[in-house]
Amino acid sequence: MAAIAGQYLPPIAIRTADGTNTGAFAPGDWGLVLLVASIWGSSVLWIAIGLDSLEPGLVAFSRVALGAAALALLPASRRRIDRADWLAVGVVGVAGNAGPALVLAIAQQWVESSVAGMMNAMAPLAILLIGLLITRRSPGPRQVVGLLVGLVGVLVMASPSLVGVDAEPL
């Protein structure tokens with residue numbers, strides 16, 4: 001049985017490493033964050049464009065296939081996966097990638113892409129809640145501030161829908 005900070009974790013608990021970068025972000029790190037945010041933020045727009053001509057299943061498959069193709073361009077990042085871990089990797093692949101890609105493509109047939117984008121922006125908060133339930137560890141103060149800033153951003157984006165379309169943004 002493993003314990004972190006005196007708390008019990010199941011033997012096969014989902015955990016992450018402590019990390020290797022303990023310092024402040026360098027300019028290159030901020031550039032990577034902006035790149036990932038741009039890709040993440042524009043995904044619902046590209047899904048909406050794809051749904052104009054393609055079925056949701058094909059849009060979802062294309063997203064996963066493009067992700068696999070991008071990873072294929074980075075052979076140095078590949079690691080051998082033990083046979084015992086194949087099931088776990090498969091579950092994560094379906095539950096964390098293929099499933100959400102399909103659900104988002106299906107949902108965007110009835111929901112505006114702006115609303116889907118706001119729901120997508122809430123994913124880190126949902127992941128935090130799941131992580132809290134699994135690990136019973138709370139995030140650090142800086143992570144809480146970052147998540148709160150993200151939540152405020154989602155609320156600001158959603159505020160015109162809450163108070164009417166003529167609402168003035170902050």
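**Contacts, surface and helix H1 in a predicted model**

Of the contacts in the protein chain between residues at least 6 apart in sequence, 63% join residues at least 24 apart. The model is a predicted one, and its residues are numbered from 1 along the chain.

The secondary structure comprises six helices and two strands. Read from the N terminus, the order of elements is β-β-α-α-α-α-α-α, with both strands preceding the helices.

Burial and surface can be taken next. The protein chain has 170 residues, and buried ones make up 14% of them. The chain exposes about 13200 Å², and carbon and sulfur atoms supply 70% of that area.

Helix H1 covers residues 27-51 and offers two residues to look at in detail. Ser43 lies in this helix. Its relative accessibility is 13%, so Ser43 counts as buried, the cut-off for that class being under 20%. When neighbours within four places in sequence are left aside, Ser43 is in contact with Arg63 and Asn120.

Val33 also has its place in helix H1. With a relative accessible area of 35%, Val33 is partly exposed, because that class lies between the 20% limit for buried and the 50% limit for exposed. Val33 belongs to a nonpolar surface patch, together with Phe25 and Trp30. The area of this patch is about 310 Å². Residues in a patch need over 30% relative accessible area, and the 35% of Val33 is in keeping with that.

Helix H1 therefore holds both a buried residue, Ser43, and a partly exposed one, Val33.

Methods:
Predicted model: local features only at pLDDT ≥ 70, side-chain atom pairs only at ≥ 80, totals over all residues. Heavy atoms only, no water. Helix = DSSP H or I, 4+ residues; strand = E, 2+ residues; numbered from the N terminus. Buried < 20%, exposed > 50% of the residue type's maximum accessible area, 1.4 Å probe, protein only. Contact = heavy atoms within 4.5 Å. Areas by Shrake-Rupley, 256 points an atom, 1.4 Å probe, with all protein chains shown as cover. Patch = residues over 30% accessible without salt bridge, like charges linked within 9 Å, V, L, I, M, F, W, Y side chains within 5 Å. Salt bridge = Lys/Arg side-chain N within 4 Å of Asp/Glu carboxyl O.
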